[in-house]
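Visitor: I've got the model open on my screen and would like a walk through it. Can you take my questions one at a time?

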Amino acid sequence: MFKPLLAGAACAVLLAACSQERSPEPVDAAQDAAAGPVGQMSASTVGANTVAGYVTGAATGDMYEIQAADIALERSQNSRLKTLAGMIKTDHTASTAALKALLPTAAPEAPVPTALDERRQGLIDNLRSASAADFDRVWTDQQIASHNEALTLKRGFSDQDSPLAAHARDTLPKVEAHLREAEAIKAAM
């Protein structure tokens, strides 16, 4: 029941985004809004059910998080947000190292992405083009969406019959902590 509802929500967001007139703002808010449901759908289907899907989702998610954290550390003036960005960078760098260490024996056939996918590259582009006044809001909204996606991926894969399921379980607490802090920062804005 959850998957059809999520698919319907993703379609509604995408249709709404397509029917809106484009604003002259450099940040594509519709693109950012659609990225969350699309990511959730991907994480709950392919990512949570196949080794290759999990590896791709986890590795690409970590790459996005590290790049987004670097941008926040450069651009934000909010000390609480910068602290979270530093934590995200540290934790997702460790997650990537742990995943790569497991792959030779746990999933040697799984390809490891070396670049962001188009959706996540669009999010990074939007962060880079956000105005100083909008940056913290854009970054925080993206973090909430991306960490919800990561939770869906990791929770869904954590009970699979794979040595990588331990990676999913081990990284869940940090992803949950990042999400809680991002939500608290947004609530304080």
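Guide: Sure, and one term before we start: two residues are in contact when heavy atoms of theirs lie within 4.5 Å. Keep in mind as well that this is a predicted model.

Visitor: Okay, then what do the elements of the protein look like, from the N terminus on?

Guide: The count comes to 7 helices, with 0 strands beside them. Reading from the N terminus, the order is therefore simply α-α-α-α-α-α-α.

Visitor: How much of the protein counts as buried?

Guide: Start from the outside: the accessible surface is about 9400 Å², and carbon and sulfur atoms hold 59% of that. A residue is put down as buried when its relative accessible area is under 20%. Of the 189 residues, the share that counts as buried is 46%.

Visitor: Which share of the contacts between residues at least 6 apart joins residues at least 24 apart?

Guide: Here we look at contacts in the protein between residues at least 6 apart in sequence. The part of them that joins residues at least 24 apart is 80%.

Visitor: Let's get to helix pairs. Are α4 and α7 roughly parallel or antiparallel?

Guide: Helix α4 covers residues 79-106 and helix α7 covers residues 165-188. Their axes come within 11 Å and cross at roughly 165°. Angles over 145 degrees count as roughly antiparallel, so α4 and α7 are roughly antiparallel.

Visitor: Which residues meet there, and how do they divide by class?

Guide: On the α4 side, they include Leu81, Leu84, Met87, Ile88, Asp91 and His92. Across from them in α7 you'll find, among others, His167, Thr171, Lys174, Val175 and Glu181. The crossing of α4 and α7 is left-handed. By class, the residues of this contact divide into 12 nonpolar, 5 polar and 4 charged.

Visitor: And α3 with α6: at what angle do their axes cross, and which way do the helices run?

Guide: Helix α3 spans residues 51-75, helix α6 spans residues 135-157, and the axes come within 10 Å. The crossing is left-handed. The angle is roughly 160°, which makes α3 and α6 roughly antiparallel.

Visitor: What does the contact of α3 with α6 have by class?

Guide: From α3, the residues include Tyr54, Tyr64, Glu65, Ala68 and Arg75. From α6, they include Phe135, Trp139, Gln143, His147 and Phe157. Sorted by class, that contact has 12 nonpolar, 6 polar and 3 charged residues.

Visitor: Glu65 is charged, so I'm curious: is Glu65 buried or exposed?

Guide: Glu65 sits in helix α3. Its relative accessible area is 3%, and the cut-off for buried is under 20%. Glu65 is therefore buried.

Visitor: Which residues is Glu65 in contact with, beyond its neighbours within four places in sequence?

Guide: Take Gln143 as a start: 78 residues separate it from Glu65 in sequence, yet their C-alpha atoms are 8.0 Å apart in space. With the neighbours within four places left out, the contacts of Glu65 are Ile88, His92, Gln143, Ser146 and His147.

Visitor: What about Thr93, is it buried or partly exposed?

Guide: Thr93 belongs to helix α4. It is in contact with Ile66 and Ile88, neighbours within four places aside, and its C-alpha is 9.0 Å from that of Glu65, 28 residues away in sequence. With a relative accessible area of 39%, Thr93 is partly exposed.

Visitor: Thr96 is another threonine; which residues is it in contact with?

Guide: Thr96 is found in helix α4. Its C-alpha lies 8.2 Å from that of Met63, and the two are 33 residues apart along the chain. Beyond the neighbours within four places in sequence, Thr96 is in contact with Asp62 and Ile66.

Visitor: Back to pairs: how do the residues of the contact of α6 with α7 divide?

Guide: The axes of α6 and α7 come within 8 Å and cross at roughly 155°, which makes α6 roughly antiparallel to α7. The crossing is left-handed. The residues divide into 11 nonpolar, 7 polar and 6 charged.

Visitor: Last one: how far apart in space are Asp141 and Glu183?

Guide: Asp141 has its place in helix α6 and is partly exposed, with a relative accessible area of 27%. Asp141 and Glu183 are 42 residues apart in sequence. In space, C-alpha to C-alpha, the distance is 8.5 Å.

Key
Residues are numbered from 1 along each chain as its sequence is written. This is a predicted model: local features need pLDDT of at least 70, side-chain atom pairs count only at pLDDT 80 or more; totals for chains, interfaces and linings use all residues. Side-chain values use heavy atoms; hydrogens and water are left out. Helices (H or I, at least four residues) and strands (E, at least two) are DSSP runs, numbered from the N terminus. Buried means under 20% relative accessible area, exposed over 50%, partly exposed in between (1.4 Å probe, protein chains only). Accessible areas come from the Shrake-Rupley method with a 1.4 Å probe; for residues, only the protein chains shown count as cover. Axes are lines fitted to C-alpha atoms, for helices over the stretch in contact, and angles run from 0 to 180 degrees between N-to-C directions. Angles under 35 degrees count as roughly parallel, over 145 as roughly antiparallel, 65 to 115 as roughly perpendicular and the rest as oblique. A crossing is left-handed if the near helix is turned anticlockwise from the far one by less than a right angle, and right-handed if clockwise. Ala, Val, Leu, Ile, Met, Phe, Trp, Tyr, Cys and Pro count as nonpolar, Asp, Glu, Lys and Arg as charged, and the others, Gly among them, as polar.
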